[in-house]
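Colleague: Could you take me through one loop residue of this model up close, and then work outward from there to whatever surrounds the rest of the fold? I'd like the numbers along with the picture.

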Amino acid sequence: MKCSEVMKHNPPFAKANDSIRRLAVLMAHHNVEALTLVNGDHEVVGVVSSKDILKKGVATGLDLVATHAKELAQPALTVQADDDAMTAEEKLKAANAPLVAVVNNMNELQGLITLTELQAP
């Protein structure tokens, strides 16, 4: 099975320059634990989880409005839409990551895969 067959299309995402507070609002609105970050060209530049916000933002006293999302970002795991879905699963498990971004040849976000998508019937 290909990644394009299991990925979540049109996933929520945030811009790298969004504030940490904006990320928290987006996560709550979309009921997700992590967001992929994109730059102005819609290229994937990282991922921020709710755990990152709590540990690196709230717990350290960062200004949640003035601090940009990219300052908390972890490198994003990526796959291509034509890759085997097992590749995404292996990356998720090996990195204990919340999501894998599905990108095109220009590294633009096309979708995302979590373990939930991989375990769906």
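Modeller: Sure, let's start with Asn-96, which is exposed at a relative accessible area of 72%. Keep in mind that this is a predicted model. Asn-96 sits in the loop that links α4 (85-95) to β6. Its backbone is worth a look: phi comes out near 50 degrees, a positive value in a residue that isn't glycine.

One step back along the chain is Ala-95, which belongs to helix α4. What is its exposure class? Ala-95 is partly exposed, because its relative accessibility is 43%, and the window for that class lies between 20% and 50%. If you want a distance to check, the C-alpha atoms of Ala-95 and Leu-77 are 8.6 Å apart, with their positions 18 residues apart in sequence.

Now go the other way, from the loop into β6 and its hairpin. Strand β6 (residues 100-103) pairs with β7 in the antiparallel sense, over four bridges. Within that pairing, Val-102 is opposite Gly-111 of β7. Five residues lie between the two strands of the hairpin, and Asn-107 there has a positive phi too, near 65 degrees.

β7 has another partner: strand β1 (residues 8-9) runs antiparallel to it and is joined by two bridges. Lys-8 is the residue facing Leu-112 of β7. How enclosed is strand β7 (residues 109-113)? Four of its five residues are buried, so the rest of the structure largely encloses this strand.

There's another asparagine to put beside the one you started from. Asn-31 has a positive phi as well, near 55 degrees, and again this is a residue other than glycine. Asn-31 is placed in the loop between α2 and β3. With a relative accessibility of 71%, Asn-31 counts as exposed.

That loop takes us to the other sheet region. Here three strands make an open sheet, ordered β2-β3-β4, with mixed pairing. β2 and β4 (44-49) are the edge strands with a single partner each, so each has one side without a neighbour in the sheet. From one strand to the next, the twist averages 35 degrees. β2 pairs with strand β3 (residues 34-38) in the parallel sense, through three bridges, and Phe-13 has Thr-36 of β3 as its bridge partner. Helix α2 lies across β2, β3 and β4, at about 125 degrees to β3.

Next, the loop that joins β2 to α2. Ala-16 is in it, and Ala-16 is buried because its relative accessibility is 9%, where the cut-off is under 20%. Leaving out residues up to four places away in sequence, Ala-16 touches Leu-37, Val-38, Val-45, His-68, Ala-69 and Lys-70. Val-48 is 32 residues away from Ala-16 in sequence, yet the C-alpha to C-alpha distance is 9.8 Å.

Asp-18 is also in this loop, which runs between β2 (13-15) and α2 (20-30). This is the charge I'd point a chemist to: Asp-18 is buried but makes no salt bridge, and the nearest side chain of opposite charge, Arg-22, is 4.3 Å off. A salt bridge needs the charged atoms within 4 Å, so that pair doesn't count. With sequence neighbours up to four places away set aside, Asp-18 touches Leu-23, Leu-26, Thr-67, His-68 and Ala-69. His-68 and Ala-69 therefore turn up in the contact lists of both Ala-16 and Asp-18, where a contact means heavy atoms within 4.5 Å.

Finally, zoom out. The protein has five helices and seven strands, and in sequence order they read α-β-β-α-β-β-α-β-α-β-β-α. The C-alpha trace spans about 45 × 30 × 25 Å along its principal axes. For 121 residues, a compact globule would have a radius of gyration near 14 Å, and the protein's 14 Å agrees with that. Of the 121 residues, 36% are buried. Taking contacts with a separation of 6 or more, 52% are between residues 24 or more positions apart.

Notes: Residues are numbered from 1 along each chain as its sequence is written. This is a predicted model: local features need pLDDT of at least 70, side-chain atom pairs count only at pLDDT 80 or more; totals for chains, interfaces and linings use all residues. Side-chain values use heavy atoms; hydrogens and water are left out. Buried means under 20% relative accessible area, exposed over 50%, partly exposed in between (1.4 Å probe, protein chains only). Lys and Arg count as positive and Asp and Glu as negative; His and the chain ends are not counted. Two strands pair if DSSP finds at least two bridges between them. Axes are lines fitted to C-alpha atoms, for helices over the stretch in contact, and angles run from 0 to 180 degrees between N-to-C directions. The radius of gyration is taken over C-alpha atoms; the globule rule is 2.2 Å times the number of residues to the power 0.38.
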